[in-house]
Amino acid sequence: MLSRIYIKNFALIDALEVSLKNGLQVITGETGAGKSIILGALRLILGERADIKSISKTEDKSIVETEFELNNQFKKFFIENDLDYEHQTIIRREILPSGKSRAFINDVPVTLDILKELTSQLIDIHSQFETSNLFTSEYQFKIIDGLSDNKNLIENYQQSFSEFQNLKTQLKKFQTQLSESTKESDYKQFLLSELEDLKMDDVNYEDLQNQLSMQENAEMISENLAQLLSRFHQEEIGIFSFFNDAKSKLSKISEVSTNFAELNERFETSFVEIKDIISELEDEADNIEINPETLVQLLEFNNKINSLFLKHNVTNIEDLKEIRNQLSGEQKGTAEIEAYIVQILENISKKEKFLESLSLKLSKNRKKSIPIFIKKAEGLFKKLGLEKAKVDIEISEAAEYNQFGKENIQLLFQANSGFPLKPIQTAISGGERSRVMLAVKKIIAESDELPTLILDEIDTGVSGKVAEEIGNLMREMSEDMQLIVISHLAQVAAKGNDNYKVVKQDVNGKTQSTIIPLNDDEKLNEIAQLISGSKITEAALTQAKELIG
């Protein structure tokens, strides 16, 4: 419930504060007194665009503040948005002289999106020209679902539909990733196969280069080793003969002079080392195999490695291994994406079956409630002066699941007898819109908990019995909700639980608008003035008393 409005420095309003109650709250006032200004200020609370032109004193900020009595059902919203929940919640909008605006909930700054999300659940402002939402599928489903007792069912369905949409979004994302990955997959697989074929984990590049060099120079190495070994083994002039002779002579010298003992030991040690070297050279010489096929294999393998070095712009085997591992990981990543897609498709299938079950229940309940809606709506139309009006709701199967099930809805209307029903947006005239909308709001109010509803002169253009019925209808609606009505009709004003008047007056040479609550006598005079004009007559007072009852 909207319990308080405070407006400062907004258009013709210098400062205004009014407390409101539950039930039917009627606001009257002469044309141009400032009723539309108050509504304009309230629209700021709904998150509409702020206009710097609305600031009266350009050096000061403009403030619109409202206070609402909330029940516990709003606690979840406050928790989710990290706000302090208060039973008496204050919502404020400020327009700064710079043109910037700020929004606050219980003095905590919030974005306009958060402001809109909350206040859209608290206030519904409806003017005589604002009936376009009646033409939307969302509003039409709201009408029939309210009568069908589908509240919990539609909440469950929409939660599942949201999850269904998220799954489809994920599917599209992974399918795009897979498509992009597949474009290069064959080439990357080719690169990976090239690298894997090398069996690099078993390759020692330095050893490979040594083997290759040995094969390329095997003949030269073999010839030189043969010559070297021949020199050592010649019987009379060979190096071994010379070393043996030298060793014998040096041994005799060391026996007679200790000065040569150490040198003798060193010579013998060196001689042993030389014999070992010669022995190993002989082994190497025996192992040298001049094999053209081996050389060709080594050259081919080395060329493959060098080619991959060049292709991948690297200089060593370790870098090739890293590239191989990376490509392998990417190929595994593609496989994981494919697995994700399979899993998401399974989840989509399960969710779709669940949606089908819920949508069938929704549809069944809706179709059962259509006759109830027709009876209620046409009964209200007669009271509101639309005696010939007919209405129907057409439900058809949709190609895909939407926010309201797997069906489309169309509200049909015809104001005159003898003509076919047509979609309401093409069949309704300007003079009928407000009364049809009022009837619809009344039906919704009977089956659903509506927020504070503000009706702005939707009774324009009616009088007499119809005006009386509109007043009765509004009074009935206000029994279950707070209904704030701006009206020029005495019949409506008379039904108010509380009445207020917007007045315009000159203060220090400046025109200002304000709103004042009316006591019983002031209410009587205001209704009489609505009947008779500026001069209140006794007849008007008598009629006003009769209207109040």
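**Helix crossings, salt bridges and two unusual backbone angles**

The crossing of helices α7 and α9 is left-handed. This comes from a predicted model, and the pair is a handy place to start. Two packed helices are described by the angle between their axes and the distance between the axes. For α7 (residues 218-233) and α9 (residues 261-287), the axes come within 10 Å and cross at roughly 140°. That angle makes α7 oblique to α9, because a pair has to be over 145 degrees to count as roughly antiparallel. On the α7 side, the residues in contact are L225, L228, L229, F232 and H233, and they meet I274, I278, L281, E282 and A285 of α9. Sorted by class, this contact has eight nonpolar residues, one polar and one charged.

A second helix pair is made up of α6 (residues 205-216) and α10 (residues 292-312), which pack at an angle of about 140° with their axes 10 Å apart. These two helices are therefore oblique to each other, and α6 passes α10 in a left-handed crossing. From α6, the contact draws on Y205, L208, Q209, Q211, L212, Q215 and E216. Facing them in α10 are T294, L295, L298, L299, F301, N302, I305, N306 and F309. By class, the contact of α6 with α10 comes out at nine nonpolar, six polar and one charged residues.

Next come the charged side chains. Side chains of opposite charge can pair when their charged atoms come close. Searching the whole structure turns up 23 salt bridges. One of them joins R4 to E17, with the closest N and O atoms 3.2 Å apart. This pair links distant parts of the chain, as R4 sits in strand β1 (residues 2-10) and E17 in strand β2 (residues 13-19), 13 residues apart. R4 has a relative accessible area of 13%, so R4 is buried.

Another salt bridge brings together the side chains of R92 and D107, at 2.9 Å from N to O. R92 belongs to strand β5 (residues 88-95), while D107 is in the loop between β6 (101-105) and β7 (108-110), so the bridge ties together parts that are 15 residues apart in sequence. The two partners sit in contrasting surroundings: R92 counts as buried at 12% relative accessibility, whereas D107 is exposed, with a relative accessible area of 55%. Both pairs also belong to a wider network of salt bridges, which links R4, E17, K61, E65, E67, R92, E94, R102 and D107.

Further along the chain, E468 and K495 meet through their side chains in a salt bridge of 3.4 Å, N to O. Here, too, distant parts of the chain are linked: E468 is in helix α14 (residues 464-477) and K495 in the loop between α15 (490-493) and β14 (498-507), 27 residues apart. E468 is partly exposed, with a relative accessible area of 25%, but K495, at 14% relative accessibility, counts as buried.

Finally, the backbone has a couple of spots worth a look. N9 has a phi near 55°, a positive value in a residue other than glycine. N9 is found in strand β1 and is buried, with a relative accessible area of 3%. D149 also has a phi near 55°, again positive in a residue other than glycine. The place of D149 is the loop between α4 (137-147) and α5 (151-197), and D149 is exposed, with a relative accessible area of 68%.

Key
Residues are numbered from 1 along each chain as its sequence is written. This is a predicted model: local features need pLDDT of at least 70, side-chain atom pairs count only at pLDDT 80 or more; totals for chains, interfaces and linings use all residues. Side-chain values use heavy atoms; hydrogens and water are left out. A salt bridge is a side-chain nitrogen of Lys or Arg within 4 Å of a carboxyl oxygen of Asp or Glu. Helices (H or I, at least four residues) and strands (E, at least two) are DSSP runs, numbered from the N terminus. Buried means under 20% relative accessible area, exposed over 50%, partly exposed in between (1.4 Å probe, protein chains only). Axes are lines fitted to C-alpha atoms, for helices over the stretch in contact, and angles run from 0 to 180 degrees between N-to-C directions. Angles under 35 degrees count as roughly parallel, over 145 as roughly antiparallel, 65 to 115 as roughly perpendicular and the rest as oblique. A crossing is left-handed if the near helix is turned anticlockwise from the far one by less than a right angle, and right-handed if clockwise. Contact means heavy atoms within 4.5 Å. Ala, Val, Leu, Ile, Met, Phe, Trp, Tyr, Cys and Pro count as nonpolar, Asp, Glu, Lys and Arg as charged, and the others, Gly among them, as polar.
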